[in-house]
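Subject: Handing over the structure

Hi,

Here is the structure I promised to pass on to you. Please open it beside this email, and then read on for what turned up.

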Amino acid sequence: MAQLSAAGHIAPTLITTGIAAVLGVWSLYALSGAGVIPRLPLIRTGLCVITGIYLLRGVAGFVLAAVAPGERSVAFWCWSSLICLGIGTLYLVGTRQVWPELSRGAA
């Protein structure tokens with residue numbers, strides 16, 4: 001990605017912007033679930049999906065580190081997986097704590 005960016009390609013910028021946008025929306029869902037901002041649509045489904053993606057990515061990274069690290073180092077896969085598992089665990093704990101308030105009938 002760094003080499004593409006240095007060569008003037010726009011792909012790294014677009015990919016990074018897309019990732020930042022997704023993580024920004026996920027942050028809004030976390031804040032909405034915590035009651036900091038107004039309720040977002042499909043809050044229960046959104047928080048469950050986001051939690052699952054973080055946890056799945058965390059586990060998958062360890063598998064990739066073991067079987068096919070590719071261009072990434074084993075250290076990259078392990079550290080990024082630990083980070084994803086940590087964030088996923090926080091989403092899981094937070095979602096479980098506010099689950100009753102997130103019922104379909106709540107405003």
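Let me start at the surface: Met1, Leu4, Ile15, Ile19 and Leu23 together make a nonpolar patch of about 440 Å². Please keep in mind throughout that this is a predicted model. Helix H2 is the main contributor to the nonpolar patch, giving 3 residues. Another member of the patch is Met1, which sits in the segment before helix H1 (2-6). Met1 has a relative accessibility of 49%, so it counts as partly exposed, because exposed would require over 50%.

Now for the inside. The largest nonpolar core has 10 residues: Trp26, Tyr29, Ile43, Leu47, Ile50, Tyr54, Cys84, Tyr91, Val98 and Leu102. Three helices each give two or more residues to this core, namely H2 (11-33), H3 (43-67) and H4 (74-98). Which of them gives the most? That is H3, with 4 residues.

Ile43 is a good core residue to click on. Setting aside residues up to four places away in sequence, Ile43 touches Tyr29, Ser32, Gly33 and Leu102. Of these partners, Tyr29 and Leu102 also belong to the core.

Thr51 is worth a look too. This residue lies in helix H3, and its relative accessibility is 6%; that is under 20%, so Thr51 counts as buried. What does the polar side chain atom of Thr51 lie 2.7 Å from? The partner is the backbone oxygen of Leu47, and Leu47 is itself one of the core residues. Leaving out neighbours within four places in sequence, Thr51 is in contact with Gly88, Tyr91, Leu92 and Thr95. Among those, Tyr91 is part of the core as well.

Finally, the loop between H2 and H3 holds two residues to visit. One is Ile37, which has a relative accessible area of 25% and is therefore partly exposed. Apart from residues up to four places away in sequence, Ile37 touches Leu28, Leu31 and Ser32. Ser32 is also among the residues that Ile43 touches. If you would like a distance to check on screen, the C-alpha atoms of Ile37 and Ala21 are separated by 18 Å, and these two residues are 16 apart along the chain.

The other is Leu42, also in the loop between H2 and H3. Is Leu42 buried or exposed? With a relative accessible area of 66%, Leu42 is exposed. Its backbone deserves a glance as well: phi of Leu42 is near 55°, a positive value in a residue other than glycine. Most residues other than glycine have a negative phi.

Enjoy looking around, and write back with any questions.

Best wishes

Conventions:
Residues numbered from 1 in each chain as written. Predicted model: local features only at pLDDT ≥ 70, side-chain atom pairs only at ≥ 80, totals over all residues. Heavy atoms only, no water. Core = buried A, V, L, I, M, F, W, Y, C linked by side-chain atoms within 4.5 Å. Buried < 20%, exposed > 50% of the residue type's maximum accessible area, 1.4 Å probe, protein only. Contact = heavy atoms within 4.5 Å. Patch = residues over 30% accessible without salt bridge, like charges linked within 9 Å, V, L, I, M, F, W, Y side chains within 5 Å. Areas by Shrake-Rupley, 256 points an atom, 1.4 Å probe, with all protein chains shown as cover. Salt bridge = Lys/Arg side-chain N within 4 Å of Asp/Glu carboxyl O. Polar contact = N/O pair within 3.5 Å; in protein donor to acceptor, adjacent residues only side chain to side chain.
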